[in-house]
Amino acid sequence: MDPFTALYCIEALSHVRRLPRIPKTTGTVVFATTLLHLIRDFFTTARRRRALLSVYDYGLVPSWTLQKWGLTASMVVSPFLHTDLPHLITQMLPFLMSGATLENVLPRSTYVTLLSFAVLVPNAILV
């Protein structure tokens, strides 16, 4: 891991420690995404040459998704796949910081709706 990623981790974790609590939805998303990454890495290195939920299979490919009228698993799965540990860290820490802050001030239904749009709308615009 490069030194800038390490410093970034320290800064982000100190921000998270200052929060009154880590809300359930944000914590669940961060935990599930991290667990998915670790499981994917385990099965890639120990059992197969190709990754379980491979970025090459489930990453968003706009032309292919457009041919399927947007009805592909990659529209939902791709935001939760990460290629390596620094990529996971640099994606999850900002989400943890901003998501925990937003979930502490917004009603849960509003936050979940916002999170759903944040997952689907950028992919739909990209396609």
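Q: At what angle do helix α1 and helix α6 pack, and how far apart are their axes?

A: In this predicted model, helix α1, residues 3–17, packs against helix α6, residues 85–105, at an angle of about 20°. Their axes are 10 Å apart.

Q: How is that angle put into words: are α1 and α6 roughly parallel or roughly antiparallel?

A: Angles under 35 degrees count as roughly parallel. The two helices, α1 and α6, are therefore roughly parallel to each other.

Q: Is the crossing of α1 and α6 left-handed or right-handed?

A: The crossing of these two helices is left-handed.

Q: Which residues make the contact between α1 and α6?

A: From α1 the contact takes T5, Y8, C9, E11, A12, L13, H15 and V16. The α6 side consists of I89, T90, L93, P94, L96, M97 and T101.

Q: How do the residues of this contact divide by chemical class?

A: In the contact of α1 with α6, ten residues are nonpolar, four are polar and one is charged.

Q: How many helices and strands does the whole protein have?

A: The protein has seven helices and zero strands. Along the sequence, the pattern reads α-α-α-α-α-α-α.

Q: What share of the contacts is between residues far apart in sequence, 24 or more positions?

A: The count takes contacts with a separation of 6 or more; of these, 69% join residues 24 or more positions apart. Single pairs can then be read one at a time.

Q: Which residue is paired with D2 by C-alpha separation, and where does D2 lie?

A: D2 lies in the segment before α1. Its partner is P86: the two are 84 residues apart along the chain, and their C-alpha atoms are separated by 8.7 Å. D2 counts as partly exposed because its relative accessibility is 36%, and the partly exposed class lies between 20% and 50%.

Q: What separates the C-alpha atoms of R108 and T25?

A: The separation is 8.3 Å, for residues 83 positions apart along the chain. R108 lies in helix α7, residues 108–126, and T25 lies in helix α2, residues 24–46.

Q: Is T25 buried or exposed?

A: The buried class is under 20% relative accessible area. T25 has 14% relative accessibility, so T25 counts as buried. R108, with a relative accessible area of 46%, is partly exposed.

Q: Which residues do T25 and R108 touch?

A: Residues up to four places away in sequence are left out. T25 then touches E103, R108, Y111, V112 and L115. R108 is in contact with K24, T25 and E103. E103 thus appears in the list for T25 and in the list for R108.

Q: Where is N104, and which residues is N104 in contact with?

A: N104 is in helix α6. Leaving aside neighbours within four places in sequence, N104 is in contact with P20, R21 and P23. The C-alpha atoms of N104 and P23 are separated by 6.8 Å, with their positions 81 residues apart along the chain. At 29% relative accessibility, N104 counts as partly exposed.

Q: How much of the protein is buried, and how much area does the protein expose?

A: Of the 127 residues in the protein, 30% are buried. The protein exposes about 8,500 Å², and carbon and sulfur atoms supply 69% of that area.

Key. Residues are numbered from 1 along each chain as its sequence is written. This is a predicted model: local features need pLDDT of at least 70, side-chain atom pairs count only at pLDDT 80 or more; totals for chains, interfaces and linings use all residues. Side-chain values use heavy atoms; hydrogens and water are left out. Axes are lines fitted to C-alpha atoms, for helices over the stretch in contact, and angles run from 0 to 180 degrees between N-to-C directions. Helices (H or I, at least four residues) and strands (E, at least two) are DSSP runs, numbered from the N terminus. Angles under 35 degrees count as roughly parallel, over 145 as roughly antiparallel, 65 to 115 as roughly perpendicular and the rest as oblique. A crossing is left-handed if the near helix is turned anticlockwise from the far one by less than a right angle, and right-handed if clockwise. Contact means heavy atoms within 4.5 Å. Ala, Val, Leu, Ile, Met, Phe, Trp, Tyr, Cys and Pro count as nonpolar, Asp, Glu, Lys and Arg as charged, and the others, Gly among them, as polar. Buried means under 20% relative accessible area, exposed over 50%, partly exposed in between (1.4 Å probe, protein chains only). Accessible areas come from the Shrake-Rupley method with a 1.4 Å probe; for residues, only the protein chains shown count as cover.
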